[in-house]
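Trainee: I've just opened this one and don't know my way around yet. Could you walk me through it?

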Amino acid sequence: MARILDGTPAAQIAEALEALAAGRLVAFPTETVYGLGADAGQDEAVRGIFAAKGRPADHPLIVHVANAEAALALARAVPPAARRLMDAFWPGPLTVIVPRREGVATAAAGGQDTIGLRCPAHPVAQALLQAASRRGLLGLAGPSANRFGRVSPTTAAHVAAEFGDEVLVLDGGPCPVGIESTIIDCSRARPVLLRPGTHTRAQIEAALGEPLLDRDAQAPRAPGTLKAHYAPRAVVRLMSTDVLRTALQVWGQTPGPVALYARTVRPAKGMLYRAMPDDAAAAARELFAALREFDERGARIIWVESPPPGPEWDGVRDRLTRAAAA
Ligand code: TXA
Ligand code: MG
């Protein structure tokens, strides 16, 4: 198990910073999910992230920065679309992909000539990043602190369960957003949505002042955008409300390791069950913890009721669709 730091908040930040400066891995809370951090300026430390996660070396990492000024040290250019998004949504759960400054954060970028930059709003992440910046660190490379392809962690305990003692964990409580940041590629002629988060398309387009394109074949590689990702151990079946009702009738009364995660449909007798919140933000907040809980309770199959069609559900729908594709 990874070690969760204790002591006063200031002592924890100090210990985390020492470890990072020494090239160690420190998981840290953000408003979305926990990140597995390393000093983005130390390629050797960053390679430790890929090793710990079991992540292919050509899948680029996001670099977290304290503010927009710190982002400038990593970017060759900040295109106008990126600038508008940073002004509108930073600090907060949105990542921009911009051209990378040559020679910096090479390992973190996974060989790409672009870099993903994110300025988190979480107070513990902010305190850590500001301390890191004062210490002269460029920023913190940080993918979600889970093994490759698994469900992202939203508590320090989730992180501790994924890694061994090569990783320290800074505990900032449960993540208030719960699904990963919105990612927008601003490195090409027109902005492209690579991964939906909790911002709606309308909010993003209002900030951009231009249409947001969908991913196409030319979009850079992003494992978060692989079809099968974010999967619990149990098999996830995503079903419309009607199909789910029928499935429940056919399934009958036999208790078994089937779990139900639904808003409007009630479980059959003996089923593991958890109600999905009616509110999209609340559903996002608990989604990954719910999937992990079903795994822990021994579910082999999780039947999930499809979220409603509204745009505020895009992020949750995306993660469930990927979990079901695994
Ligand atoms: O909310 C989040 O974004 C969390 C927290 C910790 O900040 N981080 C996160 O990182 O979700 P990760 O690595 O699990 O997902 C980031 C996604 C990956 O799919 C990665 O391939 C993509 O962003 N990405 C990173 N840099 C990129 C780049 N230069 N071009 C294209 N995709 C990139
Ligand atoms: Mg991830």
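Mentor: Sure, and keep in mind that this is a predicted model. Let's begin with the largest pocket, which is lined by Arg-150, Val-151, His-158, Ala-161, Glu-162, Ala-231, Pro-232, Arg-233, Leu-291, Arg-292, Asp-295 and Glu-296. Helix 6 and helix 9 are the elements that give two or more residues to that lining.

Trainee: Which element gives the largest share of the lining of the largest pocket?

Mentor: Look for Leu-291, Arg-292, Asp-295 and Glu-296 in the lining. Helix 9 runs over residues 280-296. With 4 residues, the largest share comes from helix 9.

Trainee: How do the residues of that lining divide into nonpolar, polar and charged?

Mentor: The pocket itself has a volume of about 230 Å³. Glu-162 and Arg-233 are among its lining residues, and Asp, Glu, Lys and Arg count as charged. The lining comes out as 5 nonpolar, 1 polar and 6 charged.

Trainee: Let's stay with helix 9. Where does helix 9 bend?

Mentor: End to end, the 17 residues of helix 9 reach 24 Å, close to the 24 Å expected at 1.5 Å a residue. There is still a bend of about 45° along the way. The residue to click on is Glu-286.

Trainee: How many residues of helix 9 are buried?

Mentor: Among the buried ones are Ala-280, Glu-286, Leu-287, Phe-288 and Phe-294. Their cover includes helix 6, strand 13, strand 14, strand 15 and helix 10. Helix 9 is mostly covered, and the count is 12 of its 17 residues.

Trainee: Which residue just after helix 9 takes a positive phi?

Mentor: Move along the chain just past the end of helix 9. The phi there is about 90°, and the residue is Gly-298.

Trainee: And in a residue other than glycine, where is phi positive?

Mentor: Most residues other than glycine have a negative phi. The exception to look at has a phi near 50° and sits in the loop between strand 5 and strand 6. With a relative accessible area of 5%, that residue is buried; its name is Ala-105.

Trainee: Which residues does a cis peptide bond join?

Mentor: Most peptide bonds are trans. For the cis one, go to the loop between helix 4 and strand 5, where Pro-91 is found. Omega is about -10° there, and the bond joins Trp-90 and Pro-91.

Trainee: Pro-79 is in a loop too. Is Pro-79 buried or exposed?

Mentor: Pro-79 lies between helix 3 and helix 4. Leaving out residues up to four places away in sequence, Pro-79 touches Val-98, Pro-99 and Cys-186. The cut-off for buried is under 20% relative accessible area, so at 18% Pro-79 counts as buried.

Trainee: How far apart are the C-alpha atoms of Pro-79 and Gly-270?

Mentor: Along the chain, the two are 191 residues apart. In space, their C-alpha atoms are separated by 55 Å.

Trainee: What about Val-159 and Leu-36, how far apart are they in space?

Mentor: Val-159 is in helix 6, and at 0% relative accessibility it counts as buried. Val-159 touches Ala-27, Tyr-34, Ala-145, Pro-153 and Val-169, not counting residues up to four places away in sequence. Val-159 and Leu-36 are 123 residues apart in sequence, but C-alpha to C-alpha the gap is 8.7 Å.

Trainee: Now the cavities. Which helix gives the most to the lining of the second largest cavity?

Mentor: The structure holds 2 cavities of 30 Å³ or more, and about 30 Å³ of space lies in the second largest. Its lining has 7 nonpolar, 2 polar and no charged residues, including Leu-129 and Ala-132. With 3 residues, the one that gives the most is helix 5.

Trainee: What do the buried residues of helix 5 pack against?

Mentor: The buried residues are Ala-125, Gln-126, Leu-128, Leu-129, Ala-131 and Ala-132. Helix 5 is followed by Gly-136, which has a positive phi near 95°. The packing partners of those buried residues are helix 1, strand 2, strand 4 and strand 7.

Conventions:
Residues are numbered from 1 along each chain as its sequence is written. Chains are lettered from A and ligands numbered from 1 in the order in which they are written. This is a predicted model: local features need pLDDT of at least 70, side-chain atom pairs count only at pLDDT 80 or more; totals for chains, interfaces and linings use all residues. Side-chain values use heavy atoms; hydrogens and water are left out. Buried means under 20% relative accessible area, exposed over 50%, partly exposed in between (1.4 Å probe, protein chains only). The expected span of a helix is 1.5 Å times one less than its number of residues. The bend at a residue is the angle between axes fitted to the seven residues ending there and the seven starting there. Contact means heavy atoms within 4.5 Å. On a 1 Å grid over the protein atoms alone, a cavity is a set of points where a 1.4 Å probe fits but cannot get out, and a pocket is an open set with protein on both sides within 12 Å along at least five of seven lines; lining residues have an atom within 4 Å of a point. Grid points are joined across faces, edges and corners, and a volume is the space filled by probe spheres set on the points.
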